[in-house]
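Please look over the two-chain model shown below before reading on. The notes that follow are grouped by topic for use at the bench.

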Amino acid sequence: MARPPSRRPGQNRKAQYSLFASYVVAVTGALAGLLLIIIAMFDPTGFAAIRSAGAEITRPASSGLKELVSGIGTVDERIAAFYRAGSQNVSLRRQVDINRTRLIEAAAIEQENVRLKKLLKLVEEEKDEVATARLISSSSSSTRRLARLNAGRSQGAYPGMPVRAPEGLIGRIYTAGPNTSDVLLLTDSSNVVPVRRSTDNIAGISTGADDGSLQIKSLSAGRNPFKPGDILVTSGTGGLYQPNIPVAIVVRIAGDDAVAVPLASPARVEMVMVQRPFEESLARSPGTSKQQSTGRQPAAPVALPPATAPNSANTAPATSADNAVSVAQ
Amino acid sequence: MIPQGPKLGNHPSRFRLEGTPVITVMLGSMATALPVVVSSPVMPPFGLLLLLSWRLLRPELWQAWIALPLGLFDDVMSGQPLGSAMFLWTITLIGIDSTERQLYWRDYWQDWLIAAAAIIFCLSGGLLFARLTGGGGTMMLIAPQILWSVLLYPFVARQCAWLDRWRIMA
């Protein structure tokens, strides 16, 4: 095939000028695009209004489709469950018997807990849930890990608020529009969460690896204390996330870091909850959330001494230890 | 399926002639609104694939500046920093314009090669811009996406050609 017709307009002056003008427009526009990126380097959540306008347009389609397909992701599990019904029934019955005993023990412990807290004159903070919504789409063609939530400012979701599912932590709100908001997932490398091992108080810092896994750095010097199978929960340090939200499970050790997988997969969770920041006085206010998103430090590195944080007293040993370590950092 | 032939005396409307390519590219950009929540960049950039298909199929259809509004729309939809596709797509179209002057013979394979180079340029440029504005990731992360975007190009180009027949027939 010969090459396509040339764009060179020949001797026609008018056509020559118009072609030249079109290139001037294109190059100027490209430079303007570059300028927008330079602005975004200093203010990543700027222009959020433009993006949320786009999100509002696609919201009806996304949320409608989401309701159609929400069952598809788990079809394989249902089929497997049908085939294994018999043997599963027996093992589940056994499990129920064991759990019943544990439940009774747990109820007793809970009662004791309430009594001890009364003795300590602690006021249990109510779990403040702002909104419950679905994740309706995500930045599936970009390297940023953002998911779109079907709730925005009019539902009370503001930038900086933690987002969790029943299974565990999902991330925090990055930008919020009128009825949609973008959630910065745990697996994005700019999302940093202070964690601790659930069994003891070994503290660490979880950073997204952008490929669906997390990197866990230990805060204690020396040998890497984590081992495969460890469950990590939020430590409450920094005041953004409530303590004891399940975060991830360690799958392998890579040198000084551990590689973990989030317990709540954003692709599978049905509903997520938007929560208020754990301690608003410690976490930065929603208005200044752009600093949070650029910061490479722990989500909110404001490690005040525990004396100024009455709410953290119920996890006092853990929190003070963590704070001491973050101050040492 | 081949579209119905033109009826005598009918001409396609101007909106159909000029709007169809623009609307298809915008629909391609809107593929990210599908209810899929993924944990790594796996979806091919359909907006870019459609833009390249139309540009290589119909060189006379667009000037290079068309990538500015289309790129801006793609940025709004994709979650990339604003200006990323705006810049990369425009540079790509200017690049294709200048390549066309150099190449004397053009073939299906040359088109594919040009599209592959454009896809690699745009996706790795997008990664660079995402890194500059607070994100992370390495080339290994987008390598699979690049691979199947390049493999998908001939299919998208074929669909474009089919749509083009419909577009110019009244």
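A:N244 is partly exposed, with 15 other C-beta atoms within 10 Å of its own, where 20 or more would make a residue buried, 12 or fewer exposed, and a count in between partly exposed, C-beta atoms being placed from the backbone. This is a predicted model, in which local features need pLDDT of at least 70 and side-chain atom pairs count only at pLDDT 80 or more, while totals for chains, interfaces and linings use all residues. Residues are numbered from 1 along each chain as its sequence is written, and chains are lettered from A and ligands numbered from 1 in the order in which they are written.

**Backbone of chain A**
- A:N244 has a positive phi of about 70° although it is not a glycine, and its place is the loop between β10 (231-234) and β11 (246-254) of chain A, strands being DSSP runs of E of at least two residues and helices runs of H or I of at least four, numbered from the N terminus.
- A:D210, also not a glycine, has a positive phi near 70°; A:D210 sits in the loop between β8 (203-208) and β9 (214-218) of chain A and is buried, with 26 other C-beta atoms within 10 Å.
- Most residues other than glycine have a negative phi.

**Contact between the chains**
- In chain A, 53 residues are in contact with 55 residues of chain B, contact meaning that C-beta atoms, placed from the backbone, lie within 7 Å.
- α1(A) gives the most to the side of chain A that touches chain B, with twelve residues.

Key. Contact = placed C-beta atoms within 7 Å.
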